[in-house]
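Work through the three exercises below with the sequence and the model at hand. Each task is followed by its solution.

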Amino acid sequence: MFQLLTQTLVAFVATVAFGVLFQVPREQYAFSGICGAAGWLCYLLVMQNYPSTTIASFAAAVVLTMMSRIFAVWRKTPVTVFLICGIFPLVPGAGIYYTAYYFIQNENTLALAKGISTFKIAVALAIGISLVLCVPLPKRK
């Protein structure tokens with residue numbers, strides 16, 4: 001439980017730092033951090049119950065995108081402010097790195113395996129985001 005909370009807090013801080021780096025408006029830092037932390041928490045919870053990085057990434061992307069849309073409407077800010085920052089903890093950067101590393105080291109079998117795994121995670125993120133963004137928002141009366 002302590003590790004779960006620690007990782008969620010670190011995801012919050014990392015998301016806020018990413019937002020600072022990409023010049024998100026100051027008043028949106030906390031909300032961007034909440035999106036990133038919620039996405040990472042969802043990822044961790046799914047991984048505990050169903051250890052598949054692809055499924056966990058998909059579920060986290062759905063949660064993250066729903067929260068981003070809610071915050072965008074509530075805070076009257078573009079959804080990309082929350083979505084781009086929030087997706088930061090979920091991006092398979094290590095997978096991309098190791099794919100290139102194994103390729104350069106002429107370990108083609110390892111490079112292919114890592115590349116396929118990384119590609120599946122990236123596709124899961126893209127499908128999760130697209131699925132939620134395709135749902136129309138209710139009309140205001």
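**Exercise 1. State which elements have the lowest and the highest mean pLDDT.**

Step 1. Among the elements of the chain, α4 has the lowest mean pLDDT, 92, and α6 the highest, 95. Here pLDDT is the predictor's confidence in each residue, from 0 to 100, and helices are DSSP runs (H or I, at least four residues) numbered from the N terminus.

Step 2. The chain averages a pLDDT of 92, and 99% of the residues score at least 70.

Step 3. This is a predicted model, in which local features need pLDDT of at least 70 and side-chain atom pairs count only at pLDDT 80 or more, while totals for chains, interfaces and linings use all residues. Residues are numbered from 1 along each chain as its sequence is written, and side-chain values use heavy atoms, with hydrogens and water left out.

**Exercise 2. Find which residues Ile 87 touches, leaving out those up to four places away in sequence.**

Step 1. Apply the contact criterion, heavy atoms within 4.5 Å.

Step 2. The partners of Ile 87 are Leu 64, Leu 125 and Ile 129.

**Exercise 3. Explain why Cys 35 and Cys 42 form no disulfide.**

Step 1. A disulfide is a pair of cysteine sulfur atoms within 2.5 Å.

Step 2. For Cys 35, the closest cysteine sulfur is in Cys 85, 9.0 Å away, so the distance is too far for a bond.

Step 3. For Cys 42, the closest cysteine sulfur is that of Cys 35, at 13 Å, again too far for a bond.

Step 4. The structure holds zero disulfides.

Methods:
Helices (H or I, at least four residues) and strands (E, at least two) are DSSP runs, numbered from the N terminus.
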